[in-house]
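Here is a set of short exercises on one protein chain. Try each task before you read its solution.

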Amino acid sequence: MRFSFTRLATYRRCAFQYRCRYQLHLPAPPRPMTRLALALHAALATFYRHLAPTPRLDDLLLPYDAQWPDELIERDARAWNEGRALLIDYFQRHDGHWPRVLFTEVPFTLELGRYTLVGQLDRVDELPDGSLQ
C-alpha cells in the first residue's frame, strides 16, 4: 500500500475529500492561493537548481513570472504582485549568503513493513559543518 504525506494529510483532514480526490479521481476545486503557492515553489526550485555563484534577482523573478499567464484577472494580479514582493524580500535577505544546495525536487520511497511512504524533498542543503538539511 502506497501513501504520500499529501494523501495522508488529506485523509486526516477529511475522509470524504480523500475518497473524492484519490479514489473517485474527481478534480479538486481551485483554491485562490494555489496559483501563487505553485508559482513560488516552481521559481525557487528553478532558482536553486541553477544557482549561479553570484545570483541575480532576475534569476529568481523570471522563473516566477513564467508561471503566470500574460493576461491576469484582478485577483491573480494581486497575487502576482504579492509573490514578487515576497521573492524580492527573500533575495535581499539571502544575498551574498546562499546555501550549498545539493538537490532539488528529489523523489523518495520509504518502505515501512507492508506500507510504502512516497514523497519528494523540495531541497537538500549542505551546512558548513557538512551535515545535511
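The exercises below work on a predicted model.

**Exercise 1. The overall build**

Task: Find how many helices and strands the chain has, and the pattern they follow along the sequence.

Solution:
- Step 1. Count the elements. There are 5 helices and 3 strands.
- Step 2. Read along the sequence. The pattern is β-α-α-α-α-α-β-β.
- Step 3. Compare the radius of gyration with the globule rule. The chain has 18 Å, well over the 14 Å that the rule gives for 133 residues, so the chain is more spread out than a compact globule.
- Step 4. Put a box around the C-alpha atoms. Along the principal axes, the box is roughly 45 × 45 × 20 Å.
- Step 5. Look at burial. Of the 133 residues, 24% are buried.

**Exercise 2. Two patches on the surface**

Task: Say which residues form the patch of positive charge and which form the nonpolar patch.

Solution:
- Step 1. Start with charge. Arg2, Arg7, Arg13 and Arg21 make up the positive patch on the surface.
- Step 2. Take one member, Arg13. Helix H1, residues 5–13, holds Arg13.
- Step 3. Check the accessibility of Arg13. The value is 52%, and exposed means over 50%, so Arg13 counts as exposed.
- Step 4. Turn to the nonpolar patch. Its members are Phe108, Leu110, Leu112, Tyr115 and Leu121. Together they have about 410 Å² of accessible area.
- Step 5. Ask which elements give two or more residues to the nonpolar patch. They are strand S2 (100–112) and strand S3 (115–126). The largest share, 3 residues, comes from S2.
- Step 6. Take one member, Phe108. Phe108 sits in strand S2. Its relative accessible area is 31%, so Phe108 is partly exposed.

**Exercise 3. Positive phi angles**

Task: Describe the phi angles of His25 and Glu105, and place both residues in the chain.

Solution:
- Step 1. Recall the usual case. Most residues other than glycine have a negative phi.
- Step 2. Check His25. Phi of His25 is near 55 degrees, a positive value, and the residue is not a glycine.
- Step 3. Place His25. The residue lies in the loop between helix H2 (15–23) and helix H3 (34–49). His25 is exposed, at 61% relative accessible area.
- Step 4. Check Glu105. Its phi is positive too, about 55 degrees, and Glu105 is not a glycine.
- Step 5. Place Glu105. This residue belongs to strand S2.

**Exercise 4. Salt bridges**

Task: Find how many salt bridges the whole structure has, and work through the pairs made by Arg84, Arg100 and Arg123.

Solution:
- Step 1. Search the whole structure. The search finds 7 salt bridges.
- Step 2. Start with Arg84. Its side chain meets that of Asp65, with 2.7 Å from N to O. Arg84 lies in helix H5 (residues 74–94) and Asp65 in helix H4 (residues 57–65), so the bridge ties together parts 19 residues apart in sequence. Asp65 is partly exposed, at 24%.
- Step 3. Go on to Arg100. Arg100 pairs with Glu126, and the closest N and O atoms are 3.0 Å apart. Arg100 is in strand S2 and Glu126 in strand S3, so this pair ties together parts 26 residues apart in sequence. Glu126 is partly exposed, with 28% relative accessibility.
- Step 4. End with Arg123. Its partner is Asp125, with the closest N and O atoms 2.6 Å apart. Arg123 is partly exposed at 32%. Asp125 has 5% relative accessibility; buried means under 20%, so Asp125 counts as buried.

**Exercise 5. Distances across the chain**

Task: State how far apart Pro27 and Leu110 are, then do the same for Arg93 and Arg78.

Solution:
- Step 1. Locate Pro27. The residue lies in the loop between H2 and H3. Pro27 is exposed, at 74% relative accessibility.
- Step 2. Go from Pro27 to Leu110. They are 83 residues apart in sequence, and 28 Å apart in space from C-alpha to C-alpha.
- Step 3. Locate Arg93. Helix H5 contains Arg93. Arg93 is exposed, at 54% relative accessible area.
- Step 4. Go from Arg93 to Arg78. They are 15 residues apart along the chain, and 23 Å separates their C-alpha atoms.

Methods:
Residues numbered from 1 in each chain as written. Predicted model: local features only at pLDDT ≥ 70, side-chain atom pairs only at ≥ 80, totals over all residues. Heavy atoms only, no water. Patch = residues over 30% accessible without salt bridge, like charges linked within 9 Å, V, L, I, M, F, W, Y side chains within 5 Å. Areas by Shrake-Rupley, 256 points an atom, 1.4 Å probe, with all protein chains shown as cover. Salt bridge = Lys/Arg side-chain N within 4 Å of Asp/Glu carboxyl O. Lys, Arg positive; Asp, Glu negative; His and termini not counted. Charge placed at Lys NZ, Arg CZ, Asp CG, Glu CD. Helix = DSSP H or I, 4+ residues; strand = E, 2+ residues; numbered from the N terminus. Buried < 20%, exposed > 50% of the residue type's maximum accessible area, 1.4 Å probe, protein only. Rg over C-alpha atoms; globule rule 2.2 N^0.38 Å.
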